[in-house]
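Student: Hey, can you walk me through this one? I've never looked at it before.
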Amino acid sequence: MKPFDLVIRGGTIATATDVFVADIGIRDGQIASVAADLNDAREIIDARGLIITPGGVDPHCHIEQLAATGLMNADTFETATASAALGGTTTVIPFAAQHVGMSLRAVVEDYHRRAERGAIVDYAFHMILADPRPEVLKDELPPLVRSGHASLKVFLTYDRLKIDDEQFLDVLEAARTHGLMVCVHAENHGMIRWMGKQLMARGYTAPRYHVPSHPRIGEVEGIHRAIACAALIDQPIMVFHVSTAEGAAVIHRARGEGRKVWGETCTQYLLLTCAELDRPGIEGAKWICSPPLREPSDQEALWWALEVGTLQCISSDHAPYRMDDTGKLARGPKPSFKEIANGMPGLELRLPLLFDAMVSKGRLGLSKFVELTATAPAKIYGLHPKKGTIAPGSDADLVLWDPSRSVTIPDAPRRDNAGYTPYAGRTVRGWPVRVFLRGHEIVREGELRAAPGAGRFLPRRGGWAAVPTGRLEPELDPARNFGANLRS
Ligand code: DUC
Ligand code: ZN
Ligand code: ZN
């Protein structure tokens, strides 16, 4: 047997199920062995005292994405994935965003070109369907599925993105046919528009009014409707960015009834609250995202939902807009809350912030940290066991953490293009000091060692065999379930 290319010796290895000390032998970009006393290697790294986790999988981030308003977000694939790498994330799933009238095939090709040029970490895409007209679903979707695209996102709100219930059912049926996961932005559009008008009419225009303009009950209704539509078609869905206790409770109940529903929340809903938007002037715009930041009690409920498995992933929902006329202030220096681009940066700090909260401060612990930020997203989106774990045969995507290092977050992050971070001034304990992608060291001590283009596309098969929990059919059998609702 030829020697290992690299042995990482004596680190504390954390997977979603175990924490143990061992050596990791790497050959040809993959983990070849996890065992004691591995020796025959061209290079050996001493990792004693460090914690080793799988590279993070961020299953929801917006990169070089054109919004329906025509605004381009602040990051390119180069800047976003550099920031991902520095924070220990080695796989991202951004979006290929169709807008009304566009060809889905052309959109996906365009995002492929951009990612091939710029990506520093590995990637797949969720296809956003804003215009699921028959030729898109019947003619364009099947070849895209065959070329490795296995998930979609739809919006139940946003003026130029939202689809109605009938269109949603068409998408769910097409997804079922091809075995795709359907991710949903689930908020009630009419409530958001109506509340926005009421607030504006009363002169409530400051950033903080973004919060009541997305009423909590609107999230509850959106999630409930998404689950009901999915149940009619018998199609699994993932509810993105759950922000409220009540929203999580809807998913909890539905899963208890055997519904095929999964849920994620995001770093910001766990670590920030709507109080951030109360800052004077326009400053609160930095914290505008949708759904909005909520209350401390929601944070507690979301942690609980993660603990018991109601929610399975923590993503960044990285959606960077600068505080200038290219981003948050594109509609003028003093925009109303309705005119401010939604989203905040988060790719780089997702893992360090969560390591601090979950490992250093002890909330849910190391294995749950790995599960929520790497293993479960990899499983749910068809990337496991290549990604998301430390085991023979998996890609050697590894993060070496110094658990005792404390870092105070500076005003602006080092690599993304947002120009600010919502977490400035916080001190976190535990820091990713070395990051490996397929056995190559891409970050050492804050220095990026990989070039744009190093990231690879990760084709995924349709089908839900890899989903970790819940009542999923391993294979698509249209005769088995579909139509039961129509017959009864
Ligand atoms: N909300 C979204 O739905 N997407 C991007 C960012 C945001 O705030
Ligand atoms: Zn969304
Ligand atoms: Zn998003």
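Tutor: Sure. Ligand 1 sits in the largest pocket. A pocket here, on a 1 Å grid over the protein atoms alone, is an open set of points where a 1.4 Å probe fits, with protein on both sides within 12 Å along at least five of seven lines; sitting in it takes more than half of the molecule's atoms within 2 Å of its grid points.

Tutor: By the way, this is a predicted model, where local features need pLDDT of at least 70, side-chain atom pairs count only at pLDDT 80 or more, and totals for chains, interfaces and linings use all residues. Residues are numbered from 1 along each chain as its sequence is written, chains are lettered from A and ligands numbered from 1 in written order, and side-chain values use heavy atoms, leaving out hydrogens and water.

Student: Okay, which backbone atom lies 2.8 Å from a nitrogen of ligand 1?

Tutor: A backbone N or O atom of S290. That's a polar contact, a pair of N or O atoms within 3.5 Å. The side chain of Y158 also has an N or O atom 3.3 Å from a ligand 1 nitrogen.

Student: New topic: what are the protein donors of the zinc ion (ligand 3)?

Tutor: H60 (NE2), H62 (NE2) and D317 (OD), 2.0 to 2.1 Å from that zinc. Donors are N, O and S atoms within 2.8 Å of the metal (3.2 Å for Na, K and Ca), and water isn't among the atoms, so sites may look incomplete.

Student: How far is it from the other zinc, ligand 2?

Tutor: The two zinc ions are 3.8 Å apart.

Student: And why does H60 count as buried?

Tutor: Because its relative accessibility is 0%, and buried means under 20%. H62 is buried too, at 10%.

Technical notes:
A polar contact is a pair of N or O atoms within 3.5 Å; within protein, one must be able to donate a hydrogen and the other to accept it, and residues adjacent in sequence count only if both atoms are side-chain atoms. On a 1 Å grid over the protein atoms alone, a cavity is a set of points where a 1.4 Å probe fits but cannot get out, and a pocket is an open set with protein on both sides within 12 Å along at least five of seven lines; lining residues have an atom within 4 Å of a point. Buried means under 20% relative accessible area, exposed over 50%, partly exposed in between (1.4 Å probe, protein chains only).
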